[in-house]
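Dear colleague,

I am passing on the structure that follows, together with an account of what was found in it. Please have it open beside you as you read.

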Amino acid sequence: MSRENVLVSAQWAEDNLETPGVVFVEVDEDTSAYDGGHIPGAVKVDWKTDLQDPVRRDFVDREGFEKLLSARGIGNDDQVVLYGGNNNWFAAYAYWYFKLYGHDKVQLLDGGRKKWELDGRPLVKDAVSRPATEYKAQEQDLTLRAFRQEVVDAINVKNLVDVRSPDEFSGKLLAPAHLPQEQAQRAGHIPSAINVPWSKAANEDGTFRSDDELREIYGDAGLDGGKATIAYCRIGERSSHTWFVLRELLGHTDVKNYDGSWTEYGSLVGVPVALGSE
């Protein structure tokens, strides 16, 4: 997989704002960011209300994903360009969703909102309405998604990449410092996991580091390129960013995102938990 297939530059994006068949979609951690100004023509997806089942702790199902994309005016043949704040944190989460449901014509705007704003490119507050479509999704591609028993079985067998902060990895915190310390019953990490915080993959302007730099980061951390890999964080969004780096940029073919992540694993009865930095 080359960068040209999975990333677009800010300049390319600005040059193609009105290109038929190209749809820009903003997905942010701060779900109010879009309303304060967005890329002209971009539609909004709310990761909480649009991508999550309202009752079960799970994603929207296939029919729900079809309904969402149809309502946003996204067709099966459209080229979707995702972007968002915090170095594309939740945009990468949405990218993984699109791949999970079989939409291959999807890319990230390299650098997301941060790079766009640093460049002084236009943002508007106009309401965006696109004609509804009849989007058809595929069944979930479970080669991209790991579940809890697979994660337990992967201890000391596969690469487990914990992409949270060192304080979350060691058990000092249960969640990022700027969020409430809640959800999991126990702190710590999955035994044999390596800790590579997701943010190491980004430059100061939010763009992804070079392939050589990324290979060095994960190689130095002990990632074994000959093994399958499962990435996890707290709820699966930061690990989507790392999944994107490992699979889409570095070409690792067997990489899964464990979206249950620490909120599930840290509350399981009887599973092994490790504390500290190792």
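Two strands are said to pair here if DSSP finds at least two bridges between them. Please also keep in mind throughout that this is a predicted model.

With that in hand, strand 6, which covers residues 159-162, pairs with strand 8, residues 229-232, in the parallel sense, and the pairing runs over four bridges. Within this pairing, L160 has I230 of strand 8 as its bridge partner, while D162 stands opposite Y232 in strand 8. Strand 6 also pairs with strand 7, residues 194-195, again in the parallel sense but over two bridges, and there V161 has I194 as its bridge partner.

Strand 8 in turn pairs with strand 9, residues 255-257, in the parallel sense and over three bridges. Along that pairing T229 stands opposite V255, and I230 stands opposite K256. I230 can therefore be followed in both directions, since it is the bridge partner of L160 and also faces K256 in strand 9.

Taken together, these strands make up an open sheet of four strands, in the order 7-6-8-9 and with parallel pairing. Strand 7 and strand 9 stand at the edges, and because each has a single partner strand, one side of each is left without a neighbour in the sheet.

Which residues of strand 6 are buried on one side, and which on the other? N159 and V161 lie on one side and L160 and D162 on the other, and all of them are buried, so that both faces of the strand are covered. Strand 8 is likewise covered on both faces, with T229 and A231 buried on one side and I230 and Y232 buried on the other.

There is also an open sheet of five strands, with the order 1-5-4-2-3 and parallel pairing. Strand 1 (7-8) and strand 3 (43-44) stand at its edges, each with a single partner strand, so one side of each has no neighbour in the sheet. Inside this order, strand 4, residues 79-83, runs parallel to strand 5, residues 106-109, and three bridges join the two; the bridge partner of V81 in strand 5 is Q107.

Turning to the helices, helix 4 covers residues 85-100, and its 16 residues reach 22 Å from the first C-alpha to the last, which is close to the 22 Å expected at 1.5 Å a residue. The helix nevertheless has a kink of about 25 degrees, centred on A92. Of its 16 residues, 15 are buried, so helix 4 is largely enclosed by the rest of the structure. G102 follows helix 4 and has a positive phi, near 85 degrees.

The aromatic residues deserve a paragraph of their own. A search of the whole structure finds 17 aromatic pairs. In one of them, the ring centres of W96 and Y97 lie 6.4 Å apart with the planes at 90 degrees, and the pair is therefore edge-to-face, as planes over 60 degrees apart count as such. How accessible are W96 and Y97? W96 has a relative accessible area of 0% and is buried, and Y97, at 0% relative accessibility, counts as buried too. Both residues belong to one aromatic cluster, formed by W47, F59, F65, W89, F90, Y93, W96, Y97, F98, Y101, Y135 and W198. There is also an arginine placed over a ring, since R121 lies over the face of W116, at 5.8 Å from the ring centre.

Finally, a word on Q185, whose place is in the loop between helix 7 (166-170) and strand 7. Is Q185 buried or exposed? At 57% relative accessibility it counts as exposed, because the cut-off for that class is over 50%. Leaving aside its neighbours within four places in sequence, Q185 is in contact with G266 and S267. The C-alpha atoms of Q185 and V269 are separated by 9.7 Å, although the two residues are 84 residues apart along the chain.

With best regards

How values were computed. Residues numbered from 1 in each chain as written. Predicted model: local features only at pLDDT ≥ 70, side-chain atom pairs only at ≥ 80, totals over all residues. Heavy atoms only, no water. Buried < 20%, exposed > 50% of the residue type's maximum accessible area, 1.4 Å probe, protein only. Phe/Tyr/Trp six-rings, centres within 6.5 Å; stacked < 30°, edge-to-face > 60°. Lys NZ or Arg CZ within 6 Å of the ring centre and 35° of its normal. Contact = heavy atoms within 4.5 Å. Expected span 1.5 Å × (residues − 1). Bend = angle between axes of the 7 residues up to and from the residue.
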